[in-house]
Amino acid sequence: MATSADRFVHRSNPIDRMGRTVVYTGELLRHPVYTRFLHWMVGIFFFLALLSGFGIYLPWIFRFFTPLFGGGATTRFLHPWFGLAFVFFFALQAINWLQVMRWTPDDSRWMKHIKQYVTRSDSVESPETGFFNAGQKMQFWEIVGGCVAYVITGVIMWLPEIFGRILVAISYVVHDISALVMLFGIFFHVYLSTFGEPGTIQAMTRGTVSEGWAWTHHPSWYKAVTGRDPAEALEEAKRRNTPPPLPPRTL
Ligand code: HEM
């Protein structure tokens, strides 16, 4: 049975062989080259589609975006292609992550601790947290749903003479709502990956994380890859960082 403790192991491919991941002592491999390549392609095309989309659909607020893409007509031409490239790379990433993104009973248990997670009242995540936590998985599946919505509504808006006015009008609304929901989620995603949880961005730049990061944020994954108990590792680190008691002073 798949548990959230499953390791993320993927078969090496030519893109992996084009780059290198150096894992130093005290670190763990988190994302191989192929995953990082797909993630940054997704990120680039997401923001290109977003900026060109804002330039087209809200020109009175974001008119300064259109010159970046060569003017209104070129922006209108490029936007669907940026969108398709985003969906294409995300589809490859979805296939790559399908196994680790499956919902498990551990994720349902994690959801019960969501208040502690949001308020940061726990110093470490709940012990059942595997390679990705339930929040990450929910966002992943929201993006999958968003991609399906973009493709369907995007094609309808691209070919209005085939689909007719009513379908086109509905598609505009669904497309824009989907974009706003995704943007809202990505805002938190970027915050958590950078300032919110220090040490996370390294997972998508160098492909590695520190062991401390692993036992703090994904204890069950830490246990699966190292065979060590995350709670013991934390206690050991605390002992190492605590200065020895001062000798008694005589007056
Ligand atoms: C500057 C922008 C971005 C930064 C700094 C960033 C950073 C990261 C990092 C560090 C991870 C690894 C987290 C982990 O291993 O636990 C990650 C994962 C992920 N990223 Fe991004 N990302 C960005 C943009 C995007 C965009 C635009 C999308 C999709 C629309 C996206 C989708 C994902 C997904 C689905 C994951 C896996 C689950 C998760 O960690 O939430 N990212 N990102």
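This report walks through the helices, the nonpolar cores, the ligand shell and a few single residues of the structure above.

## Getting started

The model is predicted, so local features are given where pLDDT is at least 70, side-chain atom pairs count only at pLDDT 80 or more, and totals for chains, interfaces and linings use all residues. Residues are numbered from 1 along each chain as its sequence is written.

The protein has 13 helices and two strands. Here, helices (H or I, at least four residues) and strands (E, at least two) are DSSP runs, numbered from the N terminus. Along its principal axes, the C-alpha trace spans about 90 × 50 × 40 Å.

Of the 251 residues, 26% count as buried. A residue is called buried if 20 or more other C-beta atoms lie within 10 Å of its own, exposed if 12 or fewer, and partly exposed in between, with C-beta atoms placed from the backbone. Two residues are in contact if their C-beta atoms, again placed from the backbone, lie within 7 Å. Among contacts with a separation of 6 or more, 64% join residues 24 or more positions apart.

## How H4 and H7 meet

Two packed helices are described by the angle between their axes and the distance between the axes. For H4 and H7, the angle is about 145 degrees and the axes are 10 Å apart. Axes are lines fitted to C-alpha atoms, for helices over the stretch in contact, and angles run from 0 to 180 degrees between N-to-C directions. H4 passes H7 in a left-handed crossing, a term for a near helix turned anticlockwise from the far one by less than a right angle, with right-handed used if it is clockwise.

On the H4 side, the residues that meet H7 are Pro-80, Gly-83, Val-87, Phe-90, Ala-91, Ala-94 and Trp-97. Their partners in H7 are Phe-140, Ile-143, Val-144, Cys-147, Tyr-150, Val-151, Gly-154 and Trp-158. By class, the residues of this contact divide into 13 nonpolar, two polar and no charged. In this scheme Ala, Val, Leu, Ile, Met, Phe, Trp, Tyr, Cys and Pro count as nonpolar, Asp, Glu, Lys and Arg as charged, and the others, Gly among them, as polar.

## The nonpolar cores

A nonpolar core is a set of buried Ala, Val, Leu, Ile, Met, Phe, Trp, Tyr and Cys residues joined through C-beta atoms within 7 Å. The largest one has 16 residues, of which Val-42, Phe-45, Phe-86, Phe-89 and Phe-90 touch the most other members. H2, H4, H7 and H9 each supply at least two residues of this core, and H2 gives the most, with six. Leaving out residues up to four places away in sequence, Phe-89 touches Leu-38, Met-41, Val-42 and Phe-45. A second, separate core of 11 residues includes Trp-97, Val-209, Ala-214 and Trp-221.

## Around the ligand

A residue is near a molecule or strand if its C-beta atom, placed from the backbone, lies within 6 Å of it. There are 19 residues around the ligand, and Phe-46, Gln-136, Ser-193, Ala-203 and Met-204 come nearest. Helix H2 (33-57), helix H7 (134-158), helix H9 (165-196) and helix H10 (202-205) each supply at least two residues of this shell. H9 gives the most, with five residues. The shell has 10 nonpolar, eight polar and one charged residues.

## Four residues to look at

Val-100 sits in the loop between helix H4 (72-97) and helix H5 (105-111). Val-174 lies in H9, Phe-90 in H4 and Tyr-34 in H2. The table pairs each with another residue along the chain.

| Residue | Partner | Apart in sequence | C-alpha to C-alpha |
|---|---|---|---|
| Val-100 | Glu-128 | 28 residues | 14 Å |
| Val-174 | Pro-243 | 69 residues | 58 Å |
| Phe-90 | Met-41 | 49 residues | 8.5 Å |
| Tyr-34 | Ser-171 | 137 residues | 34 Å |

Val-100 is buried because 20 other C-beta atoms lie within 10 Å. Phe-90 counts as buried with 22 C-beta neighbours inside 10 Å, and Tyr-34 counts as buried with 21. Val-174 has 14 such neighbours, so it counts as partly exposed.

Setting aside residues up to four places away in sequence, Phe-90 is in contact with Val-42, Ile-143 and Cys-147. On the same basis, Val-174 touches Ala-149 and Thr-153, while Tyr-34 touches His-10, Asn-13, Ile-15 and Asp-16.
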